[in-house]
Amino acid sequence: MIQTGWSTSKITLALYPFGAGAAAVNVFFASLILSWIGGLIATTAWSIGLGCVIGAPATWYFARHIRHLMDMADDTPER
């Protein structure tokens, strides 16, 4: 089978800003929940920094899923 469309790498690069932003918001909200039991609240810089780190593998996994769905759609027989 010949793969058509974008590769997983291109999809990852296109979606990375959204994945990193979502991860940063989740890090911040997780720190707010942990503050209920005495944890520290993450600053904006820490949230963005950790979001960029966590967002990379999360976006890559999501891009693999999207690429898989694209491959499945290409293999579907025409009716």
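**Exercises on a predicted two-helix model**

The side chains of arginine 67 and aspartate 71 form a salt bridge, with 2.7 Å from N to O. The model is predicted, so local features need pLDDT of at least 70 and side-chain atom pairs count only at pLDDT 80 or more, while totals for chains, interfaces and linings use all residues. Residues are numbered from 1 along each chain as its sequence is written, and side-chain values use heavy atoms, with hydrogens and water left out.

**Exercise 1.** Determine how many salt bridges the structure holds, and describe the placement of arginine 67 and aspartate 71.

*Solution.*
- Step 1: A salt bridge is a side-chain nitrogen of Lys or Arg within 4 Å of a carboxyl oxygen of Asp or Glu.
- Step 2: The structure holds 1 salt bridge.
- Step 3: Arginine 67 and aspartate 71 are 4 residues apart in helix 2, which means a separation of about one helical turn. Helices are DSSP runs (H or I, at least four residues), numbered from the N terminus.
- Step 4: Both arginine 67 and aspartate 71 are buried. Buried means under 20% relative accessible area, exposed over 50%, and partly exposed in between (1.4 Å probe, protein chains only).

**Exercise 2.** Classify the orientation of helix 1 and helix 2.

*Solution.*
- Step 1: The axes of helix 1 and helix 2 (residues 44-75) come within 5 Å and cross at roughly 135°. Axes are lines fitted to C-alpha atoms, for helices over the stretch in contact, and angles run from 0 to 180 degrees between N-to-C directions.
- Step 2: Angles under 35 degrees count as roughly parallel, over 145 as roughly antiparallel, 65 to 115 as roughly perpendicular and the rest as oblique.
- Step 3: Helix 1 and helix 2 are therefore oblique to each other.

**Exercise 3.** State the location and accessibility class of phenylalanine 29, leucine 32 and glycine 39.

*Solution.*
- Step 1: Phenylalanine 29 lies in helix 1 (residues 8-35), and its relative accessible area of 47% makes it partly exposed.
- Step 2: Leucine 32 also belongs to helix 1; at 26% relative accessibility, leucine 32 is partly exposed.
- Step 3: Glycine 39 sits in the loop between helix 1 and helix 2 and, at 31% relative accessibility, counts as partly exposed.

Technical notes. Helix = DSSP H or I, 4+ residues; strand = E, 2+ residues; numbered from the N terminus.
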